[in-house]
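Let's take a walk through this one together. Have the viewer open and follow along as we go from spot to spot.

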Amino acid sequence: MNFFREKSCEEILREIKEGNKITLARAISLIENREPRGTEILKRAYHYTGNSTVIGITGSPGAGKSTLVDKLTGEIRKRDKTVAIIAVDPTSPFSGGAILGDRLRMQRHSTDEGVFIRSMATRGNLGGLASSTDDVIVLLDAAGFDFIIVETVGVGQDEVDIVKSAHISIVVLVPGMGDDIQAIKAGIMEIGDIFVINKSDRDGVTKLEQEINVLLMLSAKKEEELPQIVKTVALTGKGVDKLFEIILEKKNKLSQSTKFLRYHKELLKEKLIRHIKEKLFEKFSNELKFNLEVEINKIIENRESPYEIAEEKISLFLGERNEQ
Ligand SMILES: Nc1nc2c(ncn2[C@@H]2O[C@H](COP(=O)(O)OP(=O)(O)OP(=O)(O)O)[C@@H](O)[C@H]2O)c(=O)[nH]1
Ligand SMILES: [Mg+2]
């Protein structure tokens with residue numbers, strides 16, 4: 001690990017752009033752990049972004065997302081394009097790399113030079129999982145991957161936020177979920193650009209399709225194109241070529257997608273505010289030798305109010321800066 005610490009951020013970025021996957025993996029860890037060097041690398045990497053197509057895939061556990069990603073990877077590689085895959089697991093704080101590795105079902109591509117696979121779990125993500133994922137996407141984009149696929153499990157707010165970083169969002173559903181479809185949050189219906197009915201070798205496909213259609217009508221926004229529904233059997237690959245064609249069509253029309261532009265703006269706004277907050281808090285803490293534990297104890301033990309502590313410290317911080 002030492003030799004990595006000695007490398008300059010320029011060197012690290014150059015190696016990443018040259019396709020060095022070990023350096024890439026290490027740089028991702030820096031970003032996940034919110035290390036200052038991670039931010040330094042991101043600053044430089046950002047200038048090289050904008051060339052990847054980012055695909056988000058979300059859906060309930062076991063819906064067949066990884067099997068689908070594996071087949072999509074096949075389609076991408078057939079065209080000699082490269083792909084980076086991130087599997088995100090926000091639901092389980094206990095998932096280690098091994099379990100995630102198993103969840104990926106990507107063994108056949110793991111030795112392929114044009115494929116990079118990485119899992120991200122909740123642990124270590126100090127700035128929130130969605131923002132870490134977003135930063136990792138920046139690095140993978142700079143690394144030059146043609147496609148970046150993000151697989152997330154679940155249908156909660158975390159997944160909605162993560163998938164918002166994508167250019168094209170795919171929601172995977174399976175027939176025979178019973179009333180489960182009612183439990184799917186409006187948020188997830190809203191982010192989907194493509195709805196995949198996977199395991200369409202099973203009964204209940206037509207019923208599910210009708211249910212999705214109803215939900216889509218209800219959450220549709222006038223100015224935005226209605227999402228498409230595609231039936232697949234990920235296990236055999238049936239329908240995946242059609243799915244990939246639709247992805248390519250959507251990719252070509254991205255600049256006209258009001259939804260994508262809306263999310264893109266929202267995301268940039270959040271990114272900018274988060275960075276300002278983080279940087280300010282870092283300066284504030286360093287200059288005032290601010291110790292969160294000490295202040296929290298004051299609140300709990302002496303019943304001092306957090307409002308006053310915050311305002312006092314801010315005045316002190318600003319006062320000190322004025323004197324400089
Ligand atoms: N019958 C049938 N089974 C499928 C299909 N696609 C995937 N499966 C099976 O469904 C199971 C779950 O597939 P995964 O690809 O791991 O699903 P996942 O959504 O990635 O699962 P998690 O990452 O654990 O949430 C596996 O046993 C697959 O073989 C399909 O189209 N039809
Ligand atoms: Mg999976």
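Lys 199 counts as buried, because 23 C-beta neighbours sit inside 10 Å of it and the bar for being buried is 20 or more. Keep in mind that this is a predicted model. The backbone of Lys 199 is worth a look too: its phi is near 55°, a positive value in a residue other than glycine. To find the residue, go to the loop between β6 (194–197) and α11 (205–219).

Now step back into strand β6, where you'll find Ile 197. How many C-beta neighbours does Ile 197 have inside 10 Å? The count is 23, so Ile 197 is buried. Setting aside its neighbours within four places in sequence, Ile 197 is in contact with Leu 173, Pro 175, Val 205, Leu 208, Glu 209, Ile 229 and Lys 231. Also have a look at Val 230: it is 33 residues from Ile 197 in sequence, yet their C-alpha atoms are 6.1 Å apart in space.

There's a second positive phi to visit. Arg 34, again a residue other than glycine, has phi near 55°. Its place is in the loop between α3 and α4 (36–45). Is Arg 34 buried or partly exposed? It is partly exposed, since 16 other C-beta atoms lie within 10 Å, and partly exposed covers the counts between 12 and 20.

From that loop, turn to helix α3 itself, residues 21–32. It packs against helix α7 (residues 129–142), with the axes 9 Å apart and an angle of about 150° between them. That makes the two helices roughly antiparallel, because the cut-off for that label is anything over 145 degrees. The crossing of α3 past α7 is right-handed. On the α3 side, the contact uses Ala 27, Ile 28, Ile 31 and Glu 32, while α7 brings Ser 132, Asp 135, Val 136 and Leu 139. Sort the residues of this contact by class and you get 5 nonpolar, 1 polar and 2 charged.

Helix α3 has another partner in α2 (residues 9–17). Here the axes come within 8 Å and cross at roughly 125°. How are α2 and α3 oriented, then? They are oblique to each other, because 125° falls outside the ranges for roughly parallel, antiparallel and perpendicular. This time the crossing is left-handed. Ile 12, Glu 15 and Ile 16 of α2 meet Thr 23, Leu 24 and Ala 27 of α3. If Ala 27 rings a bell, that's because it also belongs to the α3 side of the contact with α7. By class, the contact of α2 with α3 has 4 nonpolar residues, 1 polar and 1 charged.

Next stop, the ligand. Of the 17 residues around ligand 1, the nearest are Gly 64, Lys 65, Ser 66, Thr 67 and Ala 234. Which helix gives the most to that shell? It's α5, residues 65–78, with 3 residues. The shell around ligand 1 is a mix of 6 nonpolar, 6 polar and 5 charged residues.

Finally, zoom out to the whole chain. There are 15 helices and 7 strands, and buried residues make up 35% of the 324 residues. Take the contacts between residues at least 6 apart in sequence: 76% of them join residues at least 24 apart.

Key
Residues numbered from 1 in each chain as written. Chains lettered and ligands numbered in written order. Predicted model: local features only at pLDDT ≥ 70, side-chain atom pairs only at ≥ 80, totals over all residues. Axes fitted to C-alpha atoms, helices over the stretch in contact; angles between N-to-C directions. Helix = DSSP H or I, 4+ residues; strand = E, 2+ residues; numbered from the N terminus. Parallel < 35°, antiparallel > 145°, perpendicular 65-115°, else oblique. Left-handed = near helix turned anticlockwise from the far one by under 90°. Contact = placed C-beta atoms within 7 Å. Nonpolar A, V, L, I, M, F, W, Y, C, P; charged D, E, K, R; others polar. Near = placed C-beta within 6 Å.
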